[in-house]
Amino acid sequence: IFAAGSRGRRDFHGKTVVVIDVLRATSTIVTALTNGCLALYPVADPGTAALFRRKLGSDCLTGGERQGLKIPGFDLGNSPLEYTAETVAGQRIILTTTNGTQAMLEAEHAAEILIASFLNAGRTSTYLADKAEVVFFCAGTKGEPGLEDLLCAGLMTERLLASGVEAELTDAARIGLVAYRHLMGRPEADPVAVLHQAQHARGLVALGFSDDITYCAQIDSRPCVVRFRDGRITLLPEA
Ligand code: MLT
């Protein structure tokens, strides 16, 4: 059963949960890890990040956003373009964002938690092929599903079906699939233009983050599987 969930869905026991926050938390995480970051630690709020930093020691960075902007006193915001190899290689990063890291923390009772974005959608869907029950947990914005996350869930569903997986889709998963096929699945489709239609993208453009949207639309540009386990987000080693 493949489901595109939003934050109201809580029944994650025994399931593989794929957290998606294309704009921008999961794109930022995938970027950081593929640029050499050792691990990220999602936390609920800036105060917890400060406490956690004391526990980990000063040799780690803090990253994240509130209202799209870098949190005062933090090392990094939530733009994936900030998470360059020069900045993050060999580092551990404590991350807190408005919706994305909250979704990860809410998924803690799942059998397995993966982190996905357009950047690593293909490799993630290959990894999902033999899982019995998958929930695509679309972080959205304050409980409302976001177009960009639904499209990413739809892309992974499309890839799974194309690989021959026989899936029973929930209505929510079907909505993601139909949206993906209609807006992005045609050869002439322009993922950058489609992502710019999303409500959250319009807010990011107003804050000057238009380049982030272009970056986050790059399908399969960073092939990897990312897992959240025991409080840490890391790359899954290649099989
Ligand atoms: C979030 O977690 O709400 C987002 O990643 C916000 C953002 O675009 O920075």
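Below is a short chat about the ligand site and two backbone details of a predicted model.

Reader: What kind of model is this, and how are residues numbered?
Author: The model is predicted, so local features need pLDDT of at least 70 and side-chain atom pairs count only at pLDDT 80 or more, while totals for chains, interfaces and linings use all residues. Residues are numbered from 1 along each chain as its sequence is written, and side-chain values use heavy atoms, with hydrogens and water left out.

Reader: What volume does the largest pocket have?
Author: About 260 Å³, counted as the space filled by probe spheres set on grid points joined across faces, edges and corners. A pocket here is an open set of points on a 1 Å grid over the protein atoms alone, where a 1.4 Å probe fits, with protein on both sides within 12 Å along at least five of seven lines.

Reader: Which lining residues are closest to its centre?
Author: E65, G68, T98, N99 and H200, out of 18 that line the pocket; lining means an atom within 4 Å of a point.

Reader: Which helix gives the largest share of the lining?
Author: Helix α9, residues 199–206, with 3 residues; helices are DSSP runs of H or I, at least four residues, numbered from the N terminus.

Reader: Where does the ligand sit?
Author: The space taken by the ligand is the largest pocket, the test being that more than half of its atoms lie within 2 Å of the grid points.

Reader: Which polar contacts does the ligand make?
Author: Taking N or O pairs within 3.5 Å, the N78 side chain is 2.7 Å from a ligand oxygen. A polar side-chain atom of T97 lies 2.6 Å from a ligand oxygen, and a backbone N or O atom of G100 is 2.7 Å from one.

Reader: How much of the ligand does the protein bury?
Author: 98% of the 270 Å² that the ligand exposes when taken alone, by the Shrake-Rupley method with a 1.4 Å probe.

Reader: Switching to backbone, where is the cis peptide bond?
Author: Between L23 and R24, with omega about 0°. R24 is in the loop between β2 (16–20) and α1 (25–34).

How values were computed
Helix = DSSP H or I, 4+ residues; strand = E, 2+ residues; numbered from the N terminus. Polar contact = N/O pair within 3.5 Å; in protein donor to acceptor, adjacent residues only side chain to side chain.
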